[in-house]
Amino acid sequence: METKNLFANLSNANRGEEFLPLFENANVKIERIVSHAQASPAGFWYDQEEDEWVAIIRGTATLEFASGEQVDLQEGDYLTIPRHVQHRVARTSEETVWLAVHLR
């Protein structure tokens, strides 16, 4: 068994947003995402085939949904986004660490 740490080797702002797979099988994918004051491009919407559960481990973020709803997330907050619910990242703080679980 090898112990790893969610905060090890965090990316820096110069490298942009970083996605690090932590575990994956046929039914689930777990990844760490590190964002640096970022937002989805204008007009871009995620429309995913799977349900997604996200949690903010460090920092803050605002998610925007195609319905017009905005959800502010702080450290410790989590949210389930059902498949095909269009959403985007409206903003993140300078260093936001997410934990994302994609359920297939």
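Hi everyone, let's start on the surface: Leu6, Phe7, Leu20, Leu22 and Phe23 together make a nonpolar patch of about 400 Å². Before going on, please keep in mind that this is a predicted model.

Let me stay with one member of that patch for a moment. Leu6 sits in the segment before strand S1, which covers 18–24. Is Leu6 buried, exposed or partly exposed? Its relative accessibility is 30%, and because partly exposed is the class between 20% and 50%, Leu6 counts as partly exposed.

Now for the whole chain. How many helices and strands does the chain have? There are zero helices and eight strands, so reading along the sequence you simply get β-β-β-β-β-β-β-β. The radius of gyration is 14 Å, while the globule rule gives 13 Å for 104 residues; those values are close, so the chain is as compact as a globular protein of that length. If you prefer to think in terms of a box, the C-alpha trace spans about 45 × 35 × 25 Å along its principal axes.

What about the contacts? Take the pairs in the chain that are at least 6 apart in sequence: 65% of those contacts join residues at least 24 apart.

Finally, burial and surface. Of the 104 residues in the chain, 36% are buried. The chain exposes about 6300 Å², and carbon and sulfur atoms supply 50% of that area. So that you can find your way back to where we began, the patch to look for on that surface is the one made by Leu6, Phe7, Leu20, Leu22 and Phe23. Thanks for listening, and I'm happy to take questions!

Terms used:
Residues are numbered from 1 along each chain as its sequence is written. This is a predicted model: local features need pLDDT of at least 70, side-chain atom pairs count only at pLDDT 80 or more; totals for chains, interfaces and linings use all residues. Side-chain values use heavy atoms; hydrogens and water are left out. Patches are made of residues with over 30% relative accessible area and no salt bridge: like charges are joined within 9 Å, nonpolar side chains (Val, Leu, Ile, Met, Phe, Trp, Tyr) within 5 Å. Accessible areas come from the Shrake-Rupley method with a 1.4 Å probe; for residues, only the protein chains shown count as cover. A salt bridge is a side-chain nitrogen of Lys or Arg within 4 Å of a carboxyl oxygen of Asp or Glu. Helices (H or I, at least four residues) and strands (E, at least two) are DSSP runs, numbered from the N terminus. Buried means under 20% relative accessible area, exposed over 50%, partly exposed in between (1.4 Å probe, protein chains only). The radius of gyration is taken over C-alpha atoms; the globule rule is 2.2 Å times the number of residues to the power 0.38. Contact means heavy atoms within 4.5 Å.
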